[in-house]
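Below is a short briefing on a protein model. It covers salt bridges, pockets and cysteines in turn.

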Amino acid sequence: MAKVVAVTGNEACANALRQVNPDVCGIYPITPQTDMMQRFASFIADGKVDTESILVESEHSSMSACIGAAAAGGRVVTATSSQGLALMWEMLHIASGDRLPIIMPVVNRALSAPLNIHGDHSDAMGARDTGWIQIWSENAQESYDNTIQAFRIGEHMDIRLPVMVCLDGFIISHSIERMEYLEDDEVKKFVGEFKNFLPLLNLEKPISYGPLILTDLYHEYKRAQHEVMTKVKDVVLDVAKDFEKMSGRKYGLFETYRLDDADIALVILNSAAGTSKDVIDTFRDKGIKAGLLKPRLFRPFPYEEVAEALKSVKAVCVMDRADSFGGYGPLFMEITSALYHIKERPVLINKIYGLGGRDYLPSHAELVFNELNEIAKGAKVKNIKEYIGVRE
Amino acid sequence: MATGLTLKELSKKEDRLTHGHRMCSGCGAPTVVKMVLLATDYPVIASNATGCLEVSTCISEYTAWKIPWIHTAFENAAATLSGVETMYRSLKKRGMIDKEIKFIAFGGDGGTYDIGLQSLSGAMERGHDMIYICYDNGAYMNTGIQRSSATPLGADTTTCPAGSVIPGKLRSRKDLTKIMAAHNIPYAAQASPSHWMDLMKKVKKAHEIKGPKFMNILSPCNRGWRSKTNDSITLSKLAVNSCYWPLYEIEDGVTKITYTPKEKVPVAEFMKPQGRFKHLFAPENEWLLKAVQEEVDKEWEKLQKEAKCG
């Protein structure tokens with residue numbers, strides 16, 4: 001029986017981790033993630049889980065210790081944000097290169113400088129190429145559901161990759177929402193026992209982790225990482241099917257909202273999708289066919305499926321809560337890559353919004369939809385990339 | 001029955017770091033590692049910082065390690081091993097493992113004194129049951145002999161070269177063994193491969209102590225020291241006998257000198273056969289050679305006082 005609760009995103013993720021009861025957890029504070037690991041530390045202190053925590057002295061050591069623990073052979077979690085994820089950067093590549101299924105909620109936050117503790121996607125976008133699976137979440141419910149599914153995806157014997165579950169700092173991590181918890185035993189059963197693969201702790205078969213591999217084989221190892229990523233989509237969908245059976249909640253590679261017959265659409269990640277959906281309803285009421293696509297699986301990116309979903313739209317704005325200075329927003333680059341191979345494709349524009357926690361308001365979405373509506377009717381694109389909600 | 005630390009007994013044991021690795025001829029590090037691993041009969045899992053030892057012992061499809069071994073990066077051999085040790089405790093608690101396993105991290109001085117100091121300090125403070133072993137050759141030898149904070153005063157390295165204006169390194173070494181002892185860990189010690197029995201006794205003792213242990217072991221590098229390949233053990237002995245590298249241990253805060261040279265030889269005898277100190281024997285650098293001797297004397301006196309106080 002599902003239990004309806006009013007909780008923050010951090011609390012939801014902490015409870016997902018409690019229900020999974022991992023073997024080892026790396027803990028280090030960073031706003032806005034801190035509260036998630038604090039809650040988990042309380043679960044340990046109160047005997048609600050029997051996880052061994054490592055109270056590390058930095059995120060670099062956290063990921064290093066998680067790698068050591070995962071290689072030793074067991075279920076390992078940690079969580080971070082922003083500078084913490086940036087400090088882990090070196091080790092993120094090693095976790096994926098060593099094919100260790102570490103699960104890590106990332107509470108998205110802006111990167112310095114200037115110092116800013118609020119939500120944007122610069123941190124996780126900076127970790128885009130680290131070989132981790134990335135799953136993005138709109139609200140507390142999705143953060144919770146994705147965290148639970150992440151174990152099944154990352155630990156799948158055909159995959160064995162680390163997974164980041166992204167949720168927006170403060171907007172989701174600290175806002176109280178209505179959501180539903182699954183029962184502890186349901187989650188336990190869904191996630192299942194951890195299956196070992198080449199554990200260091202197996203003394204009968206001593207293994208060496210982390211060799212030096214030069215020009216003779218490095219290229220092949222990297223191709224192997226690429227190849228395993230091509231299998232992730234199917235596993236994500238299979239796991240989602242099982243999850244739907246248990247929870248009644250449906251997940252895919254992405255979510256679409258009123259997109260089927262849409263003339264204009266936004267592509268937007270995480271919490272801002274909610275605001276956008278409301279605005280879409282008002283545009284639909286006015287007879288304007290607006291819609292939305294919200295990516296869930298960002299790495300690997302489902303190019304073909306996204307292209308299929310967007311191909312009939314006339315004009316699309318890709319909304320980025322991160323920037324690649326001197327380039328387009330990172331999500332825009334993915335969507336343009338996805339659509340390039342389609343003959344009849346939508347006109348695409350890119351807006352950068354909400355950096356450092358700047359509010360994304362319905363009025364911003366309205367401005368964008370109005371512009372898209374003009375473009376769909378034949379107006380020329382003035383600027384492909386533009387900042388919105390910016391003070392002049 | 002545990003193997004005794006006699007040559008007869010030890011010669012019967014299988015090396016846990018096997019032959020065929022690609023460390024340089026005459027390098028001190030594999031000798032140190034073999035001694036460390038021979039000193040115990042317990043199963044051991046090792047972690048290794050990026051460096052000479054790591055890049056030369058596990059390449060592509062081959063490994064010289066007959067024990068479970070993990071390398072992840074340069075600055076985190078301690079943090080990585082702390083994760084392995086924590087998983088071991090977690091699985092033991094859950095009844096999924098029952099064997100007694102020991103954990104050893106190996107790092108060079110660059111990976112320990114410098115870039116890995118935070119990770120090491122954190123792991124020691126957290127109390128993981130492990131031994132961290134620094135094989136100290138006094139510079140970043142793997143990348144081509146660059147200065148580290150373990151590089152001795154006056155040494156010529158590629159980033160503090162002895163030039164016409166600056167005569168090599170003008171700073172003294174960081175005293176890492178004391179820094180680690182200041183973490184109030186139950187055991188910190190210094191050892192040298194020239195005194196193998198002393199070294200192995202210390203490792204054996206460390207394994208019997210619960211909690212974090214640190215050992216700093218001198219490890220001659222003939223490439224960086226610019227010495228003869230067959231001089232490693234001779235130079236290690238001179239380092240000890242000159243009191244440049246005194247052998248001691250700090251157990252539960254009590255300092256004990258484990259070997260006192262019968263005759264303390266001038267540090268110049270340790271330095272003379274090494275190309276990295278050659279310039280110090282030129283008349284214009286006499287002051288620096290003198291400063292090195294004064295420093296060694298001062299540190300040795302300080303250590304003796306600490307040992308007397310207990």
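Is Lys294(A) buried or exposed? Lys294(A) is buried, with a relative accessible area of 3%; buried means under 20% relative accessible area, exposed over 50%, and partly exposed in between (1.4 Å probe, protein chains only). This is a predicted model, in which local features need pLDDT of at least 70 and side-chain atom pairs count only at pLDDT 80 or more, while totals for chains, interfaces and linings use all residues. Residues are numbered from 1 along each chain as its sequence is written, chains are lettered from A and ligands numbered from 1 in the order in which they are written, and side-chain values use heavy atoms, with hydrogens and water left out.

**Salt bridges**

- Over all chains, the structure holds 50 salt bridges, each a side-chain nitrogen of Lys or Arg within 4 Å of a carboxyl oxygen of Asp or Glu.
- One of them joins Lys294(A) to Glu255(A), at 2.7 Å from N to O.
- This pair links distant parts of the chain, 39 residues apart: Glu255(A) is in strand S10 (residues 254-257) of chain A and Lys294(A) in strand S12 (residues 290-295) of chain A. Helices (H or I, at least four residues) and strands (E, at least two) are DSSP runs, numbered from the N terminus.
- Glu255(A) is partly exposed, with a relative accessible area of 26%.
- Both residues belong to a network of salt bridges that also links Glu138(A), Glu142(A) and Lys277(A).
- Arg223(A) and Glu227(A) form another salt bridge, at 3.9 Å from N to O. They are four residues apart in helix H8 of chain A, so about one helical turn separates them.
- Arg223(A) counts as exposed at 51% relative accessibility, and Glu227(A) is partly exposed at 41%.
- Between the side chains of Arg126(B) and Glu57(A) there is a salt bridge of 2.9 Å, N to O. The pair crosses between chains, from helix H6 (residues 117-126) of chain B to the loop between strand S3 (52-55) and H3 of chain A.
- Arg126(B) and Glu57(A) are both buried.

**Pockets**

- On a 1 Å grid over the protein atoms alone, a pocket is an open set of points where a 1.4 Å probe fits, with protein on both sides within 12 Å along at least five of seven lines; lining residues have an atom within 4 Å of a point.
- The largest pocket has a volume of about 1200 Å³, and the second largest about 460 Å³; a volume is the space filled by probe spheres set on the points.
- The largest pocket is lined by 40 residues, and among those nearest its centre are Gly97(A), Asp98(A) and Tyr221(A).
- H8(A) gives the most to this lining of the largest pocket, with five residues.
- The second largest pocket is lined by 20 residues, with Gln225(A), His226(A) and Arg299(A) among those nearest its centre.
- H8(A) also gives the largest share of the second largest pocket's lining, six residues.
- Domain 1 (3-247) and domain 2 (255-387) of chain A both give residues to that lining, so the second largest pocket lies between them. The domain bounds come from an automatic or database domain assignment.

**Cysteines**

- There are zero disulfides over all chains, a disulfide being a pair of cysteine sulfur atoms within 2.5 Å.
- The sulfur of Cys27(B) is 6.2 Å from the closest cysteine sulfur, in Cys24(B), which is too far for a bond.
- Cys27(B) is buried, with a relative accessible area of 18%, and Cys317(A) is buried at 0%.
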